[in-house]
Amino acid sequence: MHQIQQPCTSLRRVCKLASYILDITVSSPIPLLTHFKRWPRLQRNYRQNESYDWLKEYRTRYVVGLQIRRTVVSISKRFFTEVPCVGQVLGDSFAEIESLGAPEHFCEDELLSILNSDKRKSLTLKYYAKKILYFLRQQNILRSLKVFLEQPANEQSALEGAVLVDQYCNPLAEVTLENILAQLEDIADKVRKCLRVSNPSHPSQRATTGDCLVVEDFELQRQVICALNTVLYEQLQFTGNECDFYNPLNSYIHQVLLRRTGIPISLSVLYMTLARKLGVVLEPVNFPNHFLLRWCQKQRRSGDIYDYVYIDTFGKGKQLTAKECEYLIGHQVTADYYSAISTSKVLLRMVGNLLNIGKRGEGNEKSYQLLRDSLDLYLTINPDNVQYLLLQARLYFHLGIWPEKVLDILQHIQALDPTQHGAVGYLVQHTLEHIQHKRHPVLPEAKLRSATQHRDVQYSVGLIMKHKRSGYNCVIYGWDPRCTMSQEWITTMRVHQLSNGANQPFYNVLVQDGTCRYAAQENLEPHSAPLEIAHPEVGRYFSEFSDTHYVANEELQARYPEDMTETLGTVGELYRLTPSSLGSEGLPPSVRPNADAKSP
């Protein structure tokens with residue numbers, strides 16, 4: 001009898017669960033569990049106590065998924081030959097998606113599904129999905145920043161603004177204000193424990209999370225500052241990053257907490273926030289070349305710079321007089337530089353640092369992206385800055401992206417400052433030429449290995465190579481039968497010192513360190529142990545990594561139609577592979593075996 005009752009009990013539980021699911025799904029033929037089994041990340045977007053039409057949810061998510069994938073594929077075909085700026089091509093596609101009335105998290109969920117699929121496959125799809133996700137998240141963050149800036153100045157939190165800057169520059173990282181606040185609360189708890197040892201009756205011991213504590217007594221304030229320095233700089237070992245000062249990671253709050261190092265302004269934002277949690281009000285000071293905090297030594301706010309102690313968070317919380325602050329920078333400054341500044345000016349200083357790092361960059365994709373992101377942020381905070389508007393227009397013009405937006409920026413500059421008509425006129429003329437050229441693009445000719453002029457080309461796209469002299473690993477994504485660079489480049493790179501000079505094939509390669517280079521044939525050799533090349537642009541040219549080589553995507557195969565056959569033959573000889581182990585993924589459709597053909 002006991003053996004019979006247990007299954008019956010289980011059956012009753014299953015029936016009860018099924019009844020519950022039917023109730024909350026409004027009798028939908030698509031079960032709730034089916035929806036979440038297919039798209040598990042969506043669970044956090046639904047409230048437990050609300051009912052939903054799950055059939056509608058399922059269908060909408062499915063349709064949005066199809067549309068997103070079509071959008072990603074279309075961007076690859078349209079933008080292979082030029083620098084892709086996702087913002088300028090999403091308009092029509094996402095207008096169609098918006099017309100569905102779908103929640104934005106459906107779009108993001110589909111993009112994440114693409115990015116989290118098989119690591120080595122669908123590289124081109126992932127490349128553009130990543131760019132679209134980057135763009136969409138940045139648009140959301142910009143909207144949040146604009147709402148933040150509309151708040152009254154005294155309600156704006158420097159930490160919240162700094163987190164928005166961090167999120168905008170790192171939209172694919174999971175950076176949240178809640179997580180940052182939780183980490184700071186943990187540090188504040190350590191400070192309270194430190195205070196408990198020296199003064200068990202300190203007001204901070206009675207305060208609870210969320211209380212707006214204000215410590216009025218200067219001795220009690222001093223105890224907080226002393227304990228804060230002990231925890232931050234002695235226990236947790238936070239330091240100013242003197243060795244790598246111009247690393248942008250020093251400006252991102254989540255990275256400062258993770259790496260426990262930063263620059264004066266990022267350390268000051270954290271220090272000021274922690275002090276405020278513990279009842280001490282510190283104010284940000286926009287001191288030249290070295291951001292500081294000031295701590296008033298009077299009961300009421302004073303206009304006298306000598307009534308303040310200045311805190312150098314980059315120097316382990318060292319306390320300075322007004323005169324000592326000048327020793328930090330080696331010259332005298334006026335009293336204005338000791339004044340407290342608003343949160344928006346703190347953010348402008350922070351973004352300005354990132355902007356300068358971007359300008360100092362090496363002209364690669366990473367530095368251009370930082371420059372674009374920091375300009376977007378700066379002009380959101382201060383939209384009428386003519387200097388940076390002109391820089392943004394020149395940057396977009398230089399990169400050959402978004403010419404329509406360049407014209408809008410130039411029109412805005414002209415309205416703000418008519419004296420800029422010379423620079424504006426030049427850019428307008430050449431931008432209009434660019435737009436005209438885009439309407440009648442000249443497609444590059446296919447390069448055939450069988451052509452007589454290409455007989456000296458030994459290597460093919462997709463091969464993983466090693467540079468004989470520099471030792472770097474790379475993958476070939478293009479070639480020329482002879483060096484096509486300018487005479488100035490040839491002289492600068494000392495090409496004439498090569499045994500075959502410029503009169504030999506040269507290869508476009510993506511290098512493991514993230515750079516793109518142009519290498520002479522005599523300096524390259526096939527890699528003895530092929531490996532994946534961790535370059536951000538790999539997906540733009542290749543659809544898959546196949547253990548020994550990269551498989552060119554449709555667009556690259558159209559440019560080099562005979563190369564993939566050559567690549568398969570080369571890796572077969574180099575690594576002693578059989579035709580069956582190579583597969584046919586890299587072959588053009590015309591030479592692939594019929595997958596439907598039956599064995600004899």
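In the largest nonpolar core of this predicted model, which holds 62 residues, the members that touch the most others are Tyr46, Val72, Leu111, Leu145, Leu377, Leu410 and Ile413. Helix H6, running over residues 123–150, supplies the largest share of this core, namely twelve residues. Apart from it lies another core, this one made of 44 residues, and Leu236, Leu257, Leu267 and Leu274 are among them.

Let me turn from the cores to the pockets. The second largest pocket has a volume of about 840 Å³, and of the 32 residues that line it, those closest to its centre are Gln156, Ser157, Met272, Thr273 and Arg276. If we ask which elements give two or more residues to that lining, they are helix H7 (158–169), helix H8 (177–198), helix H11 (264–277), strand E3 (283–285) and helix H13.

Helix H13, which covers residues 343–360, also contains Arg360. That residue counts as exposed because its relative accessible area is 54%, and the cut-off for the term is over 50%. Although Arg360 and Tyr246 are 114 residues apart along the chain, their C-alpha atoms are separated by 9.0 Å.

Finally, the surface. Tyr62, Val63 and Leu66 together make a nonpolar surface patch of about 240 Å². Of these, Tyr62 has its place in helix H3, which spans residues 54–79. Is Tyr62 buried, exposed or partly exposed? Its relative accessibility is 39%, and therefore Tyr62 counts as partly exposed, since that term applies between the limits of 20% for buried and 50% for exposed.

Note on methods: Residues are numbered from 1 along each chain as its sequence is written. This is a predicted model: local features need pLDDT of at least 70, side-chain atom pairs count only at pLDDT 80 or more; totals for chains, interfaces and linings use all residues. Side-chain values use heavy atoms; hydrogens and water are left out. Patches are made of residues with over 30% relative accessible area and no salt bridge: like charges are joined within 9 Å, nonpolar side chains (Val, Leu, Ile, Met, Phe, Trp, Tyr) within 5 Å. Accessible areas come from the Shrake-Rupley method with a 1.4 Å probe; for residues, only the protein chains shown count as cover. A salt bridge is a side-chain nitrogen of Lys or Arg within 4 Å of a carboxyl oxygen of Asp or Glu. Helices (H or I, at least four residues) and strands (E, at least two) are DSSP runs, numbered from the N terminus. Buried means under 20% relative accessible area, exposed over 50%, partly exposed in between (1.4 Å probe, protein chains only). A nonpolar core is a set of buried Ala, Val, Leu, Ile, Met, Phe, Trp, Tyr and Cys residues joined through side-chain atoms within 4.5 Å. On a 1 Å grid over the protein atoms alone, a cavity is a set of points where a 1.4 Å probe fits but cannot get out, and a pocket is an open set with protein on both sides within 12 Å along at least five of seven lines; lining residues have an atom within 4 Å of a point. Grid points are joined across faces, edges and corners, and a volume is the space filled by probe spheres set on the points.
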